[in-house]
Amino acid sequence: MAERTRPPRSLSAGPGRALVFVYVVFTIAAGARSGVQIATRFDEAPLAYLLSALAAVIYLVATVALARDARRVAVVACAVELAGVLTVGGLSLVDSAAFPDATVWSGFGRGYGFIPLVLPIAGLLWLRRSASAIIDS
């Protein structure tokens, strides 16, 4: 009997739908937060506010990529997001003077219940799981 493989699962189906929803929420939260901070107190902590704006852009790219099944873009967005969370999270703990105000990724996302740390990992796991072909006998 010949083996058949099914096409990869849609990224926005099943658990992917919840993942897209969380990314939408974080896009709005990080974007609104950084927008207000940049507009009203940019001189107080420009690095922190710009990093929050960058996080919002990365969340937006991940959201759109997941919703449109753009797997490669989603993988890159989630990987960059994870690298950002780990880098900024670590630096914010080691050199708190460099971050006079928190970013979305400060303390590995402590201010957001560590969801910024878990989200890219969940995204990468979902991308891997949804892309694996199921072999029928």
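Start with Asp 101 and Arg 41, whose side chains meet in a salt bridge, 3.2 Å from N to O. Keep in mind as you look at that pair that this is a predicted model. The bridge ties together distant parts of the chain: Asp 101 sits in the loop between helix 3 and helix 4, Arg 41 belongs to helix 1, and 60 residues separate them. The count of salt bridges comes to 1. Is this pair buried or exposed? Neither label fits, because Asp 101 has a relative accessible area of 23%, which makes it partly exposed. Arg 41 is also partly exposed, since its relative accessible area is 30%.

Now slide along to Pro 100, in the loop between helix 3 and helix 4. Pro 100 counts as exposed because its relative accessibility is 56%, and the bar for that label is over 50%. Which residues does Pro 100 touch, leaving aside its neighbours within four places in sequence? The answer is Glu 44 and Ala 45. Glu 44 is 56 residues away from Pro 100 in sequence, yet the C-alpha atoms of the two are 7.6 Å apart in space.

Time to step back and take in the whole chain. Going from the N terminus, the elements run β-α-α-α-α-β, so to speak a list of 4 helices and 2 strands. Of the 137 residues, 34% are buried. If you take the contacts between residues at least 6 apart in sequence, 70% of them join residues that are at least 24 apart. The accessible surface adds up to about 7700 Å², and carbon and sulfur atoms account for 67% of that.

What about the inside? The largest nonpolar core has 25 residues, and the ones with the most contacts inside it are Tyr 23, Tyr 59, Leu 66 and Trp 105. Helix 1 (15-41), helix 2 (46-67), helix 3 and helix 4 each put in at least two residues. Helix 2 gives the largest share of this core, with 8 residues.

Leu 66 is a good place to park your viewer for a moment. Not counting its neighbours within four places in sequence, Leu 66 is in contact with Leu 11, Ser 12, Leu 19, Val 20, Tyr 23, Ala 74 and Leu 127.

Tyr 23, one of the residues in contact with Leu 66, leads you to Thr 27. Thr 27 is found in helix 1, and a polar atom of its side chain lies 2.8 Å from the backbone oxygen of Tyr 23. Why does Thr 27 count as buried? Its relative accessibility is 15%, and buried means under 20%. Beyond its neighbours within four places in sequence, Thr 27 is in contact with Ala 56, Tyr 59, Leu 60 and Thr 63. Tyr 59 is a name you have already met among the core residues with the most contacts.

Back out to the surface. Ile 38, Phe 42 and Leu 50 form a nonpolar patch there, and together they have about 230 Å² of accessible area. Phe 42 lies in the loop between helix 1 and helix 2. Phe 42 counts as partly exposed because its relative accessibility is 34%.

The last stop is the stretch around helix 3 and the loop that follows. Leu 86 is in helix 3, and it is partly exposed because its relative accessible area is 44%. The C-alpha atoms of Leu 86 and Gly 107 are 8.9 Å apart, with their positions 21 residues apart in sequence. Setting aside residues up to four places away in sequence, Leu 86 touches Phe 108 and Leu 117.

Phe 108 is worth a look for its backbone. Most residues other than glycine have a negative phi. Phe 108, though, has a phi near 60°, a positive value. Phe 108 is found in the loop between helix 3 and helix 4, and its relative accessibility of 23% is why it counts as partly exposed. What is the phi of Phe 114? It is near 65°, again a positive value in a residue other than glycine. Phe 114 lies in the loop between helix 3 and helix 4, and with a relative accessible area of 39% it is partly exposed.

Methods. Residues numbered from 1 in each chain as written. Predicted model: local features only at pLDDT ≥ 70, side-chain atom pairs only at ≥ 80, totals over all residues. Heavy atoms only, no water. Buried < 20%, exposed > 50% of the residue type's maximum accessible area, 1.4 Å probe, protein only. Contact = heavy atoms within 4.5 Å. Core = buried A, V, L, I, M, F, W, Y, C linked by side-chain atoms within 4.5 Å. Areas by Shrake-Rupley, 256 points an atom, 1.4 Å probe, with all protein chains shown as cover. Patch = residues over 30% accessible without salt bridge, like charges linked within 9 Å, V, L, I, M, F, W, Y side chains within 5 Å. Salt bridge = Lys/Arg side-chain N within 4 Å of Asp/Glu carboxyl O. Polar contact = N/O pair within 3.5 Å; in protein donor to acceptor, adjacent residues only side chain to side chain.
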